[in-house]
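User: I am new to this structure and would like a close look at a single part of it. Please take one helix and go through what it packs against.

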Amino acid sequence: MAEITTSLSIGQVAERTGLSVHALRFYEREGLFVNPVRRGPGGRRVYSQDDVDWLTVCIILRASGMPLPTLSRYADLVGEGSGNEEERLALMREHQENVTTQIVRLTESLDLIRFKVGVYQDRIGQGNAATHECHTPSPSGG
């Protein structure tokens with residue numbers, strides 16, 4: 001069975017991915033696409049569903065804090081095809097470690113925020129009668 005290639009305009013891809021047209025052009029300039037963006041009649045960019053799927057990966061990796069140079073290197077490796085899986089794995093393991101560290105920090109931040117919400121809910125519930133300002137939870141987490 002022949003593969004059917006979907007032809008999407010830059011506007012359609014922007015709509016499907018949530019990226020702006022400007023961001024799509026930027027991603028192309030930065031070499032973040034695995035395959036070169038095709039051009040249709042009149043030189044307009046033409047994208048495939050594979051491009052949209054790849055952009056979805058890029059969006060998730062960027063949202064997780066992956067720097068553009070790292071994402072660009074990853075795109076290069078994927079574009080090169082098989083044979084570089086060890087380098088891809090090392091790149092992903094390093095990013096996994098960074099994201100895990102980020103999650104720990106965010107969890108600590110969320111714990112403090114929850115504590116402060118509780119403090120202010122208690123103060124409001126007591127009619128602002130509390131006079132002691134408490135800035136951090138006790139070391140026991142209470």
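Analyst: What follows is a close look at helix H4 and its two helix neighbours, after a short word on the chain.

This is a predicted model, in which local features need pLDDT of at least 70 and side-chain atom pairs count only at pLDDT 80 or more, while totals for chains, interfaces and linings use all residues. Residues are numbered from 1 along each chain as its sequence is written, and side-chain values use heavy atoms, with hydrogens and water left out.

The secondary structure comes to 5 helices and 2 strands, where helices (H or I, at least four residues) and strands (E, at least two) are DSSP runs numbered from the N terminus. From the N terminus on, the order of these elements is α-α-β-β-α-α-α. Of the 142 residues in the chain, 26% are buried, a term that means under 20% relative accessible area, with exposed over 50% and partly exposed in between (1.4 Å probe, protein chains only).

Helix H4 covers residues 68-80, and its axis comes within 10 Å of the axis of helix H5 (residues 85-125), crossing at roughly 155 degrees; axes here are lines fitted to C-alpha atoms, for helices over the stretch in contact, and angles run from 0 to 180 degrees between N-to-C directions. That makes H4 roughly antiparallel to H5, since angles under 35 degrees count as roughly parallel, over 145 as roughly antiparallel, 65 to 115 as roughly perpendicular and the rest as oblique. On the H4 side the contact (heavy atoms within 4.5 Å) is made by Thr-70, Arg-73, Tyr-74, Leu-77 and Val-78, and on the H5 side by Glu-87, Arg-88, Leu-91 and Met-92. By class, this contact has 5 nonpolar, 1 polar and 3 charged residues, where Ala, Val, Leu, Ile, Met, Phe, Trp, Tyr, Cys and Pro count as nonpolar, Asp, Glu, Lys and Arg as charged, and the others, Gly among them, as polar.

The axes of helix H3 (residues 49-63) and H4 come within 11 Å and cross at roughly 150 degrees, and H3 and H4 are therefore roughly antiparallel to each other. Here Trp-54, Cys-58, Leu-61 and Arg-62 of H3 meet Leu-68, Leu-71, Tyr-74, Ala-75 and Val-78 of H4, a contact with 8 nonpolar, no polar and 1 charged residues.

Helix H4 also holds Ser-72, which counts as buried at 17% relative accessibility. Leaving aside neighbours within four places in sequence, Ser-72 is in contact with Glu-30, Gly-31 and Leu-32.
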